[in-house]
Amino acid sequence: MASNYNLAVTFSLVLTLFVLLPTLTVGELVQEQPLVLKYHNGQLLKGRITVNLVWYGTFTPIQRSIIVDFINSVSTTGAPLPSAAAWWKTTEKYKVGSSAVVVGKQFLHPAYTLGRNLKGKDLLSLATKFNELSSITVVLTSKDVNVDGFCMSRCGTHGSVPNISGGARTPYIWVGNAETLCPGQCAWPFHQPIYGPQSPPLVAPNGDVGVDGIIINLATLLAGTVTNPFNNGYFQGPATAPLEAVTACTGVFGSGAYPGYAGRVLVDGTTGSSYNAHGANGRRFLLPAMWDPQTSACRTLV
């Protein structure tokens with residue numbers, strides 16, 4: 001039986017936070033409580049981790065290269081600061097040890113043989129395409145593919161499937177391209193949100209709202225996967241709906257963030273695009289804040 005924790009990256013969580021914010025009166029002092037993700041004594045993913053990619057549907061070569069460059073960026077030094085590698089380095093603080101992710105095999109699936117409306121079992125079928133030890137299978141669905149729960153309750157998820165060699169399980173991630181179906185939910189802040197406080201959308205750093213939205217959700221789920229791969233690592237709350245390394249910091253991309261405002265980020269003077277991380281091949285990305293175990297706070301790059 002495949003494990004699927006439904007660890008959803010959802011814009012609805014941001015909206016929930018909008019509602020839960022307290023109303024303060026002038027002069028009222030509020031002591032912010034530290035955010036704590038408890039370690040549940042389970043396995044984390046450390047060492048060299050191969051990320052195998054399944055591209056379901058239609059992705060252009062440029063779209064694929066942006067996502068591949070992001071994955072390679074998190075474990076590659078040399079990019080100017082602030083960098084994707086500096087962002088990823090926070091995962092080393094989740095029990096000592098680094099997690100070096102590298103792109104491995106890629107499988108293109110442009111024929112839509114499972115259709116354009118996928119069920120959970122279809123994702124699990126795609127997630128077993130490689131099934132290798134010390135690896136994560138990332139399933140990406142194109143903008144014309146719907147998945148059960150997509151846009152309604154999740155923008156992506158992670159879980160694990162049995163390894164064909166027996167014993168160990170292989171973690172997997174699924175993220176959908178929301179450009180057509182729900183950019184306001186799953187590609188914020190590059191699109192106007194459907195609900196909640198309204199602020200002008202940011203310009204996507206790679207010129208593709210859908211793919212830059214994928215980067216945010218993939219970053220969220222990669223961090224969640226290495227720090228809570230089998231639902232017994234670091235998280236807060238119930239195991240069925242946990243807050244993880246990045247989902248605990250939802251909606252925060254820069255300092256000074258508040259509901260509806262991503263925070264102070266860097267802006268390209270020529271294109272007007274917003275970013276907070278440099279990456280491989282001159283790429284720029286907008287990456288979400290990650291919870292820092294040493295400070296018990298959400299850490300931003302800028």
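Before you select anything, set one cut-off: buried means under 20% relative accessible area, exposed means over 50%, and partly exposed lies in between, with a 1.4 Å probe and protein chains only. This is a predicted model, in which local features need pLDDT of at least 70, side-chain atom pairs count only at pLDDT 80 or more, and totals for chains, interfaces and linings use all residues. Residues are numbered from 1 along each chain as its sequence is written, and side-chain values use heavy atoms, with hydrogens and water left out.

**Stop 1: the whole chain**

Show everything as a cartoon. You will find six helices and 16 strands; helices (H or I, at least four residues) and strands (E, at least two) are DSSP runs numbered from the N terminus. Of the 302 residues, 51% are buried. Among contacts (heavy atoms within 4.5 Å) between residues at least 6 apart in sequence, 75% join residues at least 24 apart. Switch on a surface and about 13100 Å² is exposed, 57% of it supplied by carbon and sulfur atoms; these areas come from the Shrake-Rupley method with a 1.4 Å probe, and for residues only the protein chains shown count as cover.

Now colour by pLDDT, the predictor's confidence in each residue from 0 to 100. The chain's mean is 89, and 88% of its residues reach 70 or more. Select residues 1–7: their pLDDT is below 50, and the stretch has 33 contacts in the model beyond near neighbours in sequence. Residues 10–31 are also below 50, with 26 such contacts. Where pLDDT is low, the predicted coordinates should not be read in detail.

**Stop 2: the largest nonpolar core**

Next, select Ile 67, Phe 70, Trp 87, Leu 140, Leu 218 and Leu 287. Of the 47 residues in the largest nonpolar core, these touch the most other members. Such a core is a set of buried Ala, Val, Leu, Ile, Met, Phe, Trp, Tyr and Cys residues joined through side-chain atoms within 4.5 Å. Elements giving two or more residues to this core include strand 3 (47–56), helix 2 (61–73) and strand 9 (169–176). Which element gives the most? Helix 6 does, with nine residues.

Centre on Trp 87. Not counting residues up to four places away in sequence, Trp 87 touches Val 74, Ala 219, Ala 223, Val 246, Leu 287, Pro 288, Met 290 and Leu 301. A second, separate core has 20 residues, among them Leu 123, Phe 130, Cys 151 and Cys 186.

**Stop 3: two helices**

Select helix 2. Its 13 residues reach 18 Å from first C-alpha to last, close to the 18 Å expected at 1.5 Å a residue; the expected span is 1.5 Å times one less than the number of residues. The buried residues of helix 2 include Gln 63, Asp 69 and Ser 73, and their cover includes strand 3, helix 3, helix 6 and strand 14.

Move on to helix 6, where 18 of 19 residues are buried. Its end C-alpha atoms are 28 Å apart, which agrees with the 27 Å that its 19 residues should span. At its N-terminal end, Asp 208 acts as a cap, with a side-chain oxygen 3.1 Å from the backbone nitrogen of Gly 210.

**Stop 4: loops worth a click**

Phe 150 sits in the loop between strand 7 (146–147) and strand 8 (156–162). Phe 150 counts as buried because its relative accessible area is 3%. Leaving aside neighbours within four places in sequence, its contacts include Val 145, Cys 155, Trp 174, Leu 181 and Cys 186.

Is Gly 282 buried or exposed? Gly 282 counts as exposed because its relative accessibility is 66%. Find this residue in the loop between strand 13 (277–278) and strand 14 (284–285). The C-alpha atoms of Gly 282 and Ala 79 are separated by 7.7 Å, though their positions lie 203 residues apart along the chain.

**Stop 5: backbone details**

Select Leu 81 and Pro 82: a cis peptide bond joins them, with omega about -5°. Pro 82 belongs to the loop between helix 2 and helix 3. Another cis peptide bond joins Trp 188 and Pro 189, with omega about 15°.

Finish at Tyr 112, in the loop between strand 4 and strand 5 (117–118). Phi here is near 55°, a positive value in a residue other than glycine. Tyr 112 counts as buried because its relative accessibility is 12%.

Methods:
Polar contact = N/O pair within 3.5 Å; in protein donor to acceptor, adjacent residues only side chain to side chain.
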